[in-house]
Amino acid sequence: MSTALPSLSTEGLSVTTLDAAEEIMDAMVLRFEPDNLPKYQRLLQAYGAFAPGHGYQVGDDVTVARNFPLPEAPTLMALSYEAVRKCLFDQKNFNGKLYDGFNSSVEGEPAHEGLPLLEGAEHLRLRRLLGQGLNPRSIKIWEDRMVKPVVTRLLDALPLDEPVDLAKGFCRPLPGTAVGAVLGLRDQDLDAFNMMAFLMFTGPINEEGRKAERRIADYFAAHVEQRRALDEADLSERDDIISLMVKARDGEDRLSTAEIVPNLFFFLFAGSDTTYLTLCNIIYYLIEEPGLFDRVKADRSRIADLIEETLRLNPPGPVIGRKAKTDSEVSGCPIAQGTPITINLLMANRDPAAWNEPDNFNLDRPAEGKTHLTFGFGPHICPGMHLARLEMTVAINELLDRISALEWDPAFGRPEFVGVGSRAISRTRVILRP
Ligand code: HEM
């Protein structure tokens, strides 16, 4: 048995293009504000592991992202590799409830919070069950059947030997569309889904974003119910994320629709912009680092190192939040209960106490044996990292198959790294040489 799926429509929305949705989002995350890195470096030098702040201000002249609610009260910013790891790992003293939770949009079902807002046993239970939907064992299947076709379709549409905006044509549409594909959405809905997913990110400051979110919630719920209505044999053959979540079991324990739907939102929130911006940043190093393009083109096993070193130098979400649950002390700094803490992943990944020549790109860096913190650390570490790496590996591999060189569009020249709530290059106008 199966139930009909509604189609996903942008009808009645006043924002209907990716460009328009992204413009609102850029303003929200201060995407094109000047790079804060030099200021963070000064803060680390001046204060060490933690810098004091108030509301969005840290030290004398640093403003942090305004896309999460920081009260007009004393705050701290964790800057060193050691302090950041400790705050992220220690659930007894720190939690992630700095943000307002998402409510379930599934009518008649109780509200549930998504993974990032939960902790302890509740968090572990949901991670164990939802994790079955992001199982790395499914990666090979997703690669061939779901991610590659999206990459190929996007690259086929890109012109060679003339200027092209790689963000618009490739890096930006790829993650949302690929996540839609691995969720098991229908091909004909993928473009609308990707657009509305972008629009939905603007929900905190934009009613149209909230409208898109409600529509996607209904659409997700319909998918979950459609999987539930499948015969056991049909369901057992499916390996998209939604089906894997519907099938997920821990003893007798299973996921309700009201638990799956808000977490699918988190997958989108956490998985789209991050992967998009990292792809843009990889392009930067492929052009700017002498010999790198040829080295990686000749030995594709180095794509993994290219991705990791790009992620280390440029977490696409450079800061995340925590709150002190108790009075404690970390790296010699006393922390009062209730203090909001901005966790600076960007600075931790460039802490000179942890890395050799931290600001240099070094393809052989992973051999140093330290793990960057761009995917977080501890109980909330990114469960989508395997999928993100898969998308980026397939994307770069296929791009390298098609071109012999990559150049900046001379009309625009070399971009720079920008952003406060995000971190990426300022533009991606390039020429692809066949
Ligand atoms: C380059 C790509 C990505 C980066 C840099 C990234 C980064 C992060 C970070 C730093 C966290 C931890 C946040 C915290 O501790 O407060 C996180 C959590 C999370 N990420 Fe990712 N992510 C990426 C891709 C993805 C993808 C593709 C998905 C899913 C499709 C995803 C799903 C999630 C979820 C659900 C969480 C919350 C986990 C929890 O709270 O237990 N991420 N991510």
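**Briefing: a mixed sheet and its helices**

Helix α2 (residues 37–47) lies across β1 (50–54), β2 (57–58), β3, β4 (74–78) and β10 (340–344), and runs at about 110 degrees to β1. The model is predicted. The strands that α2 crosses belong to an open sheet of seven strands with mixed pairing, and a further topic is the packing of α5 with α16.

**The sheet**
- The strand order is β3-β2-β1-β4-β10-β7-β5.
- At the edges stand β3 (62–63) and β5 (94–95), each of which pairs on one side only.
- Strand β7 (residues 319–324) is joined to β5 by two bridges in the antiparallel sense.
- Within β7, A324 is the bridge partner of F94.

**A further helix on the sheet**
- Helix α3 (residues 81–89) lies across β1, β4, β5, β7 and β10.
- The direction of α3 is at about 125 degrees to β10.

**The α5 and α16 pair**
- Helix α5 (residues 139–156) packs with helix α16 (residues 385–402) at an angle of about 45 degrees, and their axes are 10 Å apart.
- Because of that angle, α5 is oblique to α16.
- The two helices, α5 and α16, make a right-handed crossing.
- On the α5 side, the contact involves I139, W142, E143, V147, K148, V151, T152 and L155.
- These residues meet H386, L390, E391, V394, A395, E398, L399 and R402 of α16.
- The contact of α5 with α16 comprises nine nonpolar, two polar and five charged residues.

Methods. Residues are numbered from 1 along each chain as its sequence is written. This is a predicted model: local features need pLDDT of at least 70, side-chain atom pairs count only at pLDDT 80 or more; totals for chains, interfaces and linings use all residues. Two strands pair if DSSP finds at least two bridges between them. Helices (H or I, at least four residues) and strands (E, at least two) are DSSP runs, numbered from the N terminus. Two residues are in contact if their C-beta atoms, placed from the backbone, lie within 7 Å. Axes are lines fitted to C-alpha atoms, for helices over the stretch in contact, and angles run from 0 to 180 degrees between N-to-C directions. Angles under 35 degrees count as roughly parallel, over 145 as roughly antiparallel, 65 to 115 as roughly perpendicular and the rest as oblique. A crossing is left-handed if the near helix is turned anticlockwise from the far one by less than a right angle, and right-handed if clockwise. Ala, Val, Leu, Ile, Met, Phe, Trp, Tyr, Cys and Pro count as nonpolar, Asp, Glu, Lys and Arg as charged, and the others, Gly among them, as polar.
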